[in-house]
Amino acid sequence: MQDWSFYRQGERDQARHLERIRRAIRERLPELIAEEIIQSGSPGAELRLTIQSLVEDSFRYDNDETAFVAERSFAERLPGGHGCEAGTLPGEEWFETALRREELADILWEELELGPLRPISHGPLLFGHSAPWDVAARGSLTLWDRRKSLLQSVRRQARSGVPAPLPALTAEDLRFRTWRHTPEPVGQAVVIAIRDVSGSMGALKKHLTRTFFFWALTLLRRLYPEVVTEFICHHTTARIVDEEAFFQLGESGGTKVSSAYELCRQLLSGRYRREAWNSFVIHFSDGDNWGERDNQLAESLLRESILPQVERFQYVEVREGSRRSPLYRLFEGIAGERLVLSHVAGLPDLLPALRQIVRREER
Amino acid sequence: MQPDLAQRLDRLTKRAEAYGLRPYPVDVVFVPMALLHELSAYGVLGRFGHWARGKLYHRLKVQSDAGLLRLYEVAVQGNPTRAYLWQGNSLVENTLVLAHVLAHSDFFRQNAHCQRIPADTVERIRQHAERVRRYEESFGLAVVEETLDHILSVEWYVAEGRTGERQPEDLLGHLLDRAPLADWQQDLVAIVREESLAFWPLRRSKILNEGWASFWHATLLREELTSDAEYVDFARLHADILRPGVDRLNPYLLGFTLIRHIVHEHGLEEAFLVRESADDRSLVENHFDDRVVEELQLVVCRRGDDGLCWTGESAEVRRTLLRQLENAGQPVIRVAGEEDDGTLVLVHAYDGRPLHLLSAERTLGHLAALWNGPVSLETVVEGRTVRIVHDGRRVWRLDG
């Protein structure tokens, strides 16, 4: 009897096809992560992509412009197909790829070269019971645990009430040694977002801000089992708002970054103390501030009271052009492991900025 | 093999021969479904790999898993004819399938166009795959894949004249003669060309071939089945194969209907002659009429000014179908020559149907990569003659 498992060309070539898909997606990542449906839809919502490089090129007729013969029952099932009505001809070819949020997040993670999942924590890591071996019901036969399998067999037979002279092993009895793959929970995390709402945000800036925040949160959720959020809006004074208001608000007045940092400091020493919380702060700024004095005030608040309490503080300057604001320049002096600075003028800047929020230095 | 099946195959063969069929001996192999998908995607087992074939394989698998597609068999031409049957077929299914395959085998053997397929095609295809693998090892997967991407964009642009001269439709042949390719790239072009030439006769006679096989599985089975229960199974299966409305036009249904009409009107002898000398286009040209349109409820779908519409006007259906079948549905593109600056000049024989422009531009890009120089294509866009030129980096259009 022939062994047909030898013929695996189809699987191999499909793997090559998938690799090409992934490559194509990686190339378009900056625009894909900004897609509305991926952010606002349910986790299962799919982004349908047309990837031109994965359509087999050829000389062919334009199907939209070409008449074709079909059985009436097929024609009747076409959308709008009844005599002459508005409708579309069926999709040309199956070259669409459907991508779900988690898959995109996977590719994003790979692309940012973040390495294996490891939480960031400067405090004591709150590991649970950790062991090199675990016992699982499935695994490679090379890791078969004889003793545990026999034990399982005895238990099973005892449960069924059937006495047996010798423990007999069935497939279900087999137990295997495995490595524990996932890190233990390291406590909770909070993401505090800060934004200056004096003056309204243009559509592009709003889009960039929302997109960045969405993916930063998604990435952090891979590291921590529980992530909560807080939103601080400010002009000359600061207050806490909900997520929707955070992105929508636009008021008039001047800007005092220090007001927001003061409120942030209070959250970090009150509700979100270091002992129990891993804190991340993302400050979206366009670089404007009240003046040099407030710049200094903000810098010292940041350096003395905020940075010691957080895992990471990311200052994101959302602004056209390439010139950095005085505030940015000031912060450069204290940038390091805990304070990272990013400049976002358009979609292409999002990926490098996202990398900063979860990047982990090798110790 | 189910014990009864060998005897049934024997009886079917004898009865088929009594009717006048001349199949090659049939070699039956039972396989898992994944293998049928692979055969459908690659045509032959052991063919060289490419991501596009993997994509097709995967699509077949997905449709099959979703219950949208059911493959029973794949027959590979040759002497003996290899019949791959799904391991899970019932006895009735296998009986029908074997009758179907016998007729396929007869078609491979007796049809004039198929007779031009070299007898050792399957073996040669395996040797090709071996050479492709060696190139992949020597030059790397990515490089070979890129070259194949270029070549496969004009996979079917091959031709063989009786005089031995290069035909203008033979794009791949022209590249072989004149393109500045490395030896191994030349070999890849030759491989693709040879395989396309071998598969062309089947490509141009899908309707005829499947119609022929369906007609005979119906005829032979009626005499073979032993019980009412078996008959019910057969009827269900037969109806399933001939089911309309799943894809635009079911070639099994159309072919079956045409052969039935021929037999009804002119007798079996005429049908045998058709099987010998026709292809899809000539089959439709000579035997497709109002009654077929009526019986199968065929319509022409087109995009009008106010959207999608369809009409069942008989003459138009016939006209449209004939056009669809010309050159197996492929735009006719010929090599016109080379310009002084080295540009390879191609001409599209425009017949009222415009090309898909983006695809054409990208294909020209592939050709330019192989040609290592500019390639131009004359075609008609929105009523005006244009020349599309691709130099390997950019593409642009010139008027007429």
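**Sheets, interface and local geometry of a predicted two-chain model**

Helix H7 (residues 171–178) of chain B lies across S6 and S7 of chain B, and its direction makes about 25° with that of S6(B). The model described here is a predicted one, and this corner of chain B is a pleasant place to begin. A second helix, H16 (residues 357–371) of chain B, also packs on the sheet. H16(B) touches S6, S7, strand S8 (375–381), strand S9 (384–390) and S10 of chain B, running at about 40° to S9(B).

The sheet beneath these helices is open and has five strands, in the order S6-S7-S8-S9-S10 of chain B, with mixed pairing. Strand S6 (333–338) and strand S10 (395–399) of chain B form its edges, each pairing on one side only. From one strand to the next, the twist averages 25°. S6(B) and strand S7 (residues 344–348) of chain B run antiparallel and are joined by five bridges. Within this pairing, B:Ile333 of chain B has B:His348 in S7(B) standing opposite. In a regular strand, side chains alternate between the two faces of the sheet. Ahead of S6(B), the loop that follows helix H15 (314–325) of chain B and leads to S6(B) holds B:Asn327. The phi angle of B:Asn327 is near 55°, a positive value in a residue that is not glycine.

Chain B also contains an open sheet of three strands, ordered S1-S3-S2, again with mixed pairing. Strand S1 (26–31) and strand S2 (73–76) of chain B stand at the edges with a single partner strand each, so one side of each has no neighbour in the sheet. The twist here averages 20° from one strand to the next. Four bridges link S2(B) with strand S3 (residues 81–86) of chain B in the antiparallel sense, and B:Ala75 has B:Ala83 in S3(B) as its bridge partner. The loop between S2 and S3 of chain B includes B:Pro80, and the peptide bond leading from B:Asn79 to B:Pro80 is cis, with omega near 0°. For context, most residues other than glycine have a negative phi, and most peptide bonds are trans.

Attention now turns to chain A. Strand S7 (residues 227–234) and strand S8 (residues 238–241) of chain A pair in the antiparallel sense, with four bridges between them. A hairpin of three residues connects S7(A) to S8(A), and A:Ile232 has A:Ile240 in S8(A) opposite. A:Leu249 belongs to the loop between helix H8 (243–248) and helix H9 (257–269) of chain A. With neighbours within four places in sequence set aside, A:Leu249 is in contact with A:Arg195, A:Val197, A:Cys233, A:Arg239 and A:Val241. The C-alpha atoms of A:Leu249 and A:Asn289 are 18 Å apart in space, and the two residues are 40 apart in sequence.

The two chains meet in an interface to which chain A contributes 53 residues and chain B 76 residues. The size of an interface is often given as the accessible area lost when the parts come together. By that reckoning, chain A and chain B bury about 5800 Å² between them, with 57% of it on carbon and sulfur atoms. Six salt bridges cross the interface of chain A and chain B. One of them joins the side chains of A:Arg20 and B:Glu145, with an N to O distance of 2.9 Å. Polar contacts across this interface come to 24 residue pairs, both residues being at pLDDT 80 or more. On the side of chain A that touches chain B, at least two residues each come from helix H1 (9–27), strand S2 (68–71) and helix H4 (72–76) of chain A. H1(A) gives the largest share of that side, eight residues. By residue class, the side of chain A that touches chain B divides into 20 nonpolar, 15 polar and 18 charged residues.

Over all chains, the structure holds 61 salt bridges. A:Arg22 takes part in a salt bridge with A:Glu110, where the closest N and O atoms are 2.7 Å apart. Because A:Arg22 lies in helix H1 of chain A and A:Glu110 in helix H5 (residues 101–111) of chain A, this pair ties together parts that are 88 residues apart in sequence.

Note on methods:
Residues numbered from 1 in each chain as written. Chains lettered and ligands numbered in written order. Predicted model: local features only at pLDDT ≥ 70, side-chain atom pairs only at ≥ 80, totals over all residues. Heavy atoms only, no water. Pairing = 2+ DSSP bridges. Axes fitted to C-alpha atoms, helices over the stretch in contact; angles between N-to-C directions. Contact = heavy atoms within 4.5 Å. Buried area = accessible area lost by both parts, 1.4 Å probe. Salt bridge = Lys/Arg side-chain N within 4 Å of Asp/Glu carboxyl O. Polar contact = N/O pair within 3.5 Å; in protein donor to acceptor, adjacent residues only side chain to side chain. Nonpolar A, V, L, I, M, F, W, Y, C, P; charged D, E, K, R; others polar.
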